[in-house]
Amino acid sequence: MTNPYDIAYQQSIEDPNTFWAKAAEDCHWYKKWDRVLDDSNKPFYRWFSGGEVNTCYNALDFHIENGRGDQNALIYDSPVTQTIKKYTYNQLRDEVARFAGALAAQGVAKGDRVLIYMPMIPEALVAMLASARLGAVHSVVFGGFAANELAVRIDDAKPKVIISASCGIEVARVIAYKPLLDKAVDMAQSKPSACIVKQRPMEAAAMIDGRDLDWDDVMQDAQPHECVPVAATDPLYILYTSGTTGVPKGVVRDNGGHLVALKWTMGAVYNVEAGDVYWAASDVGWVVGHSYIIYGPLLKGCTTIIFEGKPVGTPDAGVFWRVISEHRVKVMFTAPTAFRAIKREDPQAELMKNYDLSNFKALFLAGERLDPDTLKWAENSLGVPVIDHWWQTETGWAIAGNCIGLHQFPIKEGSPTKPAPGWNLQVVDANCNPIKSGDIGALVVKLPLPPGSLPTLWNNDQGFIKAYLEEFPGYYKTADAGFIDEDNYVFVMSRTDDIINVAGHRLSTGAMEEVLADHPDVAECAVLGVDDKLKGQVPIGFLVLNAGVTRTPDEIIKETVQMVRDRIGPVASFKTATVVKRLPKTRSGKILRGTIQKIADNKPYKAPATIDDPVILDEMTEALTGIGYAKAIDRYRVCKGENLG
Ligand code: COA
Ligand code: AMP
């Protein structure tokens with residue numbers, strides 16, 4: 001043993017009961033647990049069974065009782081509305097308790113679901129914490145999703161109440177949320193008994209009598225509600241994420257394990273203390289928002305920031321530096337794409353010179369692979385450690401990272417450093433045999449997963465087993481491929497399924513294909529993610545049209561682009577498609593997505609031996625060149641008859 005990381009890691013794997021019990025001592029319990037790790041119903045492991053907690057209590061009231069009532073809990077910084085508003089722990093607790101009272105008045109009680117579809121305003125955070133206060137289960141849906149996606153989530157979660165706002169603001173555009181909500185409720189089978197809507201001054205929403213309630217009115221009439229103790233194993237929230245089909249998966253998070261793990265990560269992973277200012281520039285609709293805009297920082301007693309803006313354009317590429325400087329941010333967390341956007345606008349980081357960043361100690365990035373250019377640019381311009389860490393909606397916190405609160409390791413480009421304590425990460429082949437260090441295989445985690453990770457999928461235990469546990473018995477499948485080198489550094493290379501990461505947002509190409517296939521003129525289609533300088537990846541579509549279609553390809557492409565926007569949402573960034581005569585397939589009928597992707601990205605490829613007709617790859621190359629990809633393709637040769645490299 002040479003450093004605190006090694007000691008923590010070893011104990012977390014060999015004696016998780018002692019390791020996590022110690023972390024749990026830091027939290028408030030109405031009743032202590034009977035068992036730390038409950039493995040009585042494998043493979044459904046539970047943490048802190050028999051214990052009783054309230055997550056909202058731990059996030060707010062606990063700190064007030066420990067003297068932090070007058071410290072800022074939340075800073076709302078909104079360059080798009082020119083607003084900065086601060087809430088102390090006392091003020092935030094009072095708002096949350098009142099809103100919990102308002103929800104209770106609508107009949108919301110322990111175990112009921114509350115769906116939240118809101119922009120980045122403080123009310124989103126208040127709504128989530130109020131739901132937690134009542135022991136209800138919140139499900140936040142990202143604002144960039146379309147009505148159809150919202151309807152699917154309403155039908156799965158069956159919320160008693162939905163909370164929304166009249167509009168969001170995307171740079172300078174006002175995006176009306178309420179019509180999308182109304183459409184989604186119309187489409188859904190499951191109807192909420194009430195919708196509570198925060199009316200924003202930029203655009204008022206039309207209200208439906210008998211169903212819709214104004215946020216301000218319900219707050220005025222509400223009585224504060226106390227925290228309701230719940231079982232540590234009870235669900236705190238459901239967060240839907242893309243799966244391999246158009247049906248999203250409802251990732252469940254429990255109360256006890258989540259609170260213990262997240263509070264622990266604030267010190268061990270991010271090296272922050274109570275009282276520090278911590279800023280995650282993400283959205284409450286994503287897991288980063290759940291874990292590190294809301295729960296992590298508040299459980300630790302930090303000041304968190306809810307930022308309603310973009311890295312560029314609100315008003316310029318200096319806004320991150322302004323926020324860090326003005327609010328004395330110690331640690332920031334965002335996605336590499338945000339830094340690529342800033343670097344593109346201000347390559348010399350000139351705007352940074354206008355701000356005092358002396359309080360800033362570390363930048364954490366996640367959500368997609370951190371490319372070396374972005375890493376170097378951020379390191380050179382900021383002069384603080386830039387730390388890549390790898391995690392997923394399912395895991396709730398980092399599977400691998402440089403846990404600087406324990407020990408800071410040297411950085412290796414392209415690696416999120418080492419497995420975090422609690423994660424018994426392995427690399428295996430298709431038969432679940434271990435692979436030697438340095439070789440690429442499936443990244444899997446030996447069960448049990450640590451606290452804070454998903455215990456199951458909402459109302460879908462079998463789906464949980466099928467999606468994550470079946471393929472590699474005894475292990476959780478991350479669906480990422482990669483390797484671990486001889487120094488135990490982890491390298492995450494690519495997904496093994498059809499998930500792509502667009503501007504740090506996780507999307508399913510399968511879901512997009514389902515939409516395209518619904519176009520009456522489309523006989524067959526494929527969507528895949530190709531390299532993009534700003535967003536990391538973007539989806540592009542290939543359409544094979546029905547015989548006898550007389551309309552122009554341009555018309556049809558335009559319609560399919562609109563269909564994806566309407567049915568999945570603008571967040572899909574689906575803007576490019578092309579019509580082809582046929583799709584390249586193996587003789588068994590599998591579309592050669594990997595090969596098409598390599599052609600698009602100008603990477604060397606080999607035509608697989610099993611390909612139906614290799615000439616088709618030349619046709620694909622031509623089609624890709626027509627939409628601005630595969631430009632350097634003549635540098636590579638299609639090698640007929642060879643196996644896929
Ligand atoms: N509500 C409504 N629409 C939204 C939305 C929301 N909450 N969020 C995004 N959209 C829309 C955007 O306006 C855009 O619409 P458009 O096609 O009409 O222009 C579309 O969805 C795509 O959005 P996005 O992928 O965010 O692209 P962008 O060009 O607007 O911004 C970045 C690009 C890089 C600046 C931005 O994605 C970003 O800041 N990302 C990094 C941080 C982050 O959120 N990471 C997530 C996990 S950590
Ligand atoms: P999400 O569930 O939206 O957080 O997306 C999770 C996926 O994003 C992972 O399975 C990875 O494919 C990818 N990802 C997240 N963080 C990283 C990282 N640091 N490096 C490489 N890929 C990452």
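Student: What makes the domains here, and which stretches do they cover?

Tutor: The domain assignment gives domain 1 (4-309 + 391-483) and domain 2 (497-644). Those bounds come from an automatic or database assignment, and the model itself is predicted.

Student: How many residues of domain 1 are in contact with domain 2?

Tutor: 20 residues of domain 1 are in contact with 17 residues of domain 2. Contact here means heavy atoms within 4.5 Å. The centres of domain 1 and domain 2, taken over C-alpha atoms, are separated by 34 Å.

Student: Okay, on to the ligands. Which domains does the shell around ligand 1 draw on?

Tutor: Both domain 1 (4-309 + 391-483) and domain 2 (497-644) supply at least three residues each to that shell. In total, 24 residues surround ligand 1, and the closest are Glu170, Arg173, Lys535, Arg565 and Lys575. By class, the shell splits into 10 nonpolar, eight polar and six charged residues.

Student: Why is the pair between ligand 1 and Lys310 called a polar contact?

Tutor: Set the value against the cut-off. An oxygen atom of ligand 1 is 3.1 Å from an N or O atom in the side chain of Lys310. The cut-off for a pair of N or O atoms is within 3.5 Å, so this pair counts. The backbone joins in too: a nitrogen atom of ligand 1 is 3.4 Å from a polar backbone atom of Gly143, and for Gly144 the distance is 3.5 Å. As for cover, the protein hides 86% of the 940 Å² of accessible area that ligand 1 has on its own.

Student: And what makes Thr393 a polar partner of ligand 2?

Tutor: An N or O atom in the Thr393 side chain is 2.6 Å from an oxygen atom of ligand 2. That is within 3.5 Å, so it passes. A backbone N or O atom of Gly367 also lies 3.0 Å from a nitrogen atom of ligand 2. The protein covers 93% of the 490 Å² of accessible area that ligand 2 has on its own.

Student: Which residues come nearest to ligand 2?

Tutor: Of the 14 around it, Asp388, Thr393, Asp480, Arg495 and Arg506 come nearest. The shell has three nonpolar, five polar and six charged residues.

Student: How do you know that Leu92 belongs to a nonpolar core?

Tutor: Leu92 is among the residues with the most contacts inside the largest nonpolar core, which has 117 residues. Core members must be buried, under 20% relative accessible area. Leaving aside neighbours within four places in sequence, Leu92 is in contact with residues including Leu60, Tyr87 and Leu298. A second, separate core of 62 residues includes Trp286 and Phe574.

Terms used: Residues are numbered from 1 along each chain as its sequence is written. Chains are lettered from A and ligands numbered from 1 in the order in which they are written. This is a predicted model: local features need pLDDT of at least 70, side-chain atom pairs count only at pLDDT 80 or more; totals for chains, interfaces and linings use all residues. Side-chain values use heavy atoms; hydrogens and water are left out. A residue is near a molecule or strand if one of its heavy atoms lies within 4 Å of it. A polar contact is a pair of N or O atoms within 3.5 Å; within protein, one must be able to donate a hydrogen and the other to accept it, and residues adjacent in sequence count only if both atoms are side-chain atoms. Accessible areas come from the Shrake-Rupley method with a 1.4 Å probe; for residues, only the protein chains shown count as cover. Ala, Val, Leu, Ile, Met, Phe, Trp, Tyr, Cys and Pro count as nonpolar, Asp, Glu, Lys and Arg as charged, and the others, Gly among them, as polar. A nonpolar core is a set of buried Ala, Val, Leu, Ile, Met, Phe, Trp, Tyr and Cys residues joined through side-chain atoms within 4.5 Å. Buried means under 20% relative accessible area, exposed over 50%, partly exposed in between (1.4 Å probe, protein chains only).
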